[in-house]
Amino acid sequence: MVAASRYYPQLMSLVGNVLRFLPAFVRMKQLIAEHYVGAVMICDARVYSGSLLSPSYGWICDELMGGGGLHTMGTYIVDLLTHLTGRRAEKVHGLLKTFVRQNAAIRGIRHVTSDDFCFFQMLMGGGVCSTVTLNFNMPGAFVHEVMVVGSAGRLVARGADLYGQKNSATQEELLLRDSLAVGAGLPEQGPQDVPQLYLKGMVYMVQALRQSFQGQGDRRTWDHSPVSMAASFEDGLYMQSVVDAIKRSSRSGEWEAVEVLTEEPDANQNLCEALQRNNL
């Protein structure tokens, strides 16, 4: 897919990481570039939510099919931290756990293999250290917090709102409040399971896509400017490489280097190795 996107640059090839389009993170990236926090030192992200499992057994329950918190939300966080700081992960150390293997709907011979708890650290370029906690065993309100700490202050996005505090200040200040209302007119099933934060991001991304195609004389062309902040297929490959390294680290208990593929792997070999790990 990466090779195809390079071969056909006139085609739109984007990864749907909607967090990049949220005004809070757009503003956070601008402030980091303007040295609001000084030199970036530490990133910390927390996502707390209820169970990701569906009412019946499906792909979300199976690690090999891409289920679990690391795949479904961790990839977005990895990409977001790199997007905000301009630094890529070089080494990672992580732990994946499955606390709920069966429930009232998933029982008998079926069991859950995807993670519902994940904790990982990333050593990034320039000496930046990142810590990410994903916990999907928490009843109550959805919690999504991303903080960047630097030599001169900190920025923290709580949900869709952005706060900041300089080292010289006595308390934090509200820098941006997102008042976009979503949910009206949506069907009862489906989007209700998606956190409001991600629905807002989807709205902003679709608006950018519309702007990209508007005003074009040829319907086969598009303006790159409105979607310039979107993740590319190269970014998607990097995200997957970090996730693979975190999974290796969880099995080995050691720090693992992030190795981005430069050529297409043997799909059959990958599947065999994955099945062997799952059986073990």
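## His144 and its surroundings

Two residues are in contact when heavy atoms of theirs lie within 4.5 Å of each other. Keep that in mind as we look around this predicted model, starting with His144, which sits in strand 6 (residues 143–150). Leaving aside residues up to four places away in sequence, His144 touches Leu19, Phe25, Arg46, Val47, Ile77, Ala157, Arg158, Gly159, Leu197 and Tyr198.

Is His144 buried or exposed? Its relative accessibility is 4%, and buried means under 20%, so His144 counts as buried. One of its neighbours is also a polar partner: the side chains of His144 and Tyr198 make a polar contact at 3.3 Å.

## Arg20 and its two partners

Now let's turn to salt bridges. A search of the whole structure turns up eleven of them. In one, Arg20 pairs with Asp79, and their closest N and O atoms are 2.7 Å apart. Arg20 belongs to the loop between strand 1 (14–15) and helix 2 (23–33), while Asp79 belongs to helix 3 (residues 69–85), so this salt bridge ties together parts that are 59 residues apart in sequence.

Arg20 also meets the side chain of Asp235 in a salt bridge, with an N to O distance of 3.5 Å. Why does this pair tie together parts that are 215 residues apart in sequence? Because Asp235 lies in helix 5 (residues 233–252), whereas Arg20 lies in the loop between strand 1 and helix 2.

How accessible are these three residues? Arg20 has a relative accessible area of 8% and is buried. Asp79 is buried too, at 2% relative accessibility. For Asp235 the value is 18%, which again counts as buried.

## A network of charges

Some salt bridges join up. Arg46, Glu145, Arg154, Arg158 and Glu172 are linked in a network of them. Within this group, the side chains of Glu172 and Arg158 meet at 2.9 Å, N to O. Glu172 is found in the loop between strand 8 (161–166) and strand 9 (173–176), and Arg158 in strand 7 (residues 153–158), so their salt bridge connects parts that are 14 residues apart in sequence.

Both of these residues are partly exposed: Glu172 has a relative accessible area of 26%, and Arg158 has a relative accessibility of 34%. You have met Arg158 already, as one of the residues that His144 touches.

## Helix 5 from end to end

Helix 5, the home of Asp235, is a good place to try a little arithmetic. At 1.5 Å a residue, its 20 residues should span 28 Å, and the end C-alpha atoms are 29 Å apart, which agrees.

At the start of helix 5, a side-chain oxygen of Ser232 comes to within 3.4 Å of the backbone nitrogen of Glu234. Just after the helix, Gly253 adopts a positive phi of about 75 degrees. Along the helix, the buried residues include Phe233, Tyr238, Met239, Val242, Val243 and Ile246, and also Lys247.

## Strand 3 and its partners

Finally, look at strand 3 (residues 89–97), which runs antiparallel to strand 4 (residues 117–124) and is joined to it by eight bridges. Here Lys97 stands opposite Phe117 of strand 4.

Which way does strand 3 pair with strand 11 (residues 256–257), and over how many bridges? This pairing is antiparallel and has two bridges. In it, Val92 stands opposite Glu256 of strand 11.

Conventions: Residues are numbered from 1 along each chain as its sequence is written. This is a predicted model: local features need pLDDT of at least 70, side-chain atom pairs count only at pLDDT 80 or more; totals for chains, interfaces and linings use all residues. Side-chain values use heavy atoms; hydrogens and water are left out. A salt bridge is a side-chain nitrogen of Lys or Arg within 4 Å of a carboxyl oxygen of Asp or Glu. Helices (H or I, at least four residues) and strands (E, at least two) are DSSP runs, numbered from the N terminus. Buried means under 20% relative accessible area, exposed over 50%, partly exposed in between (1.4 Å probe, protein chains only). The expected span of a helix is 1.5 Å times one less than its number of residues. A polar contact is a pair of N or O atoms within 3.5 Å; within protein, one must be able to donate a hydrogen and the other to accept it, and residues adjacent in sequence count only if both atoms are side-chain atoms. Two strands pair if DSSP finds at least two bridges between them.
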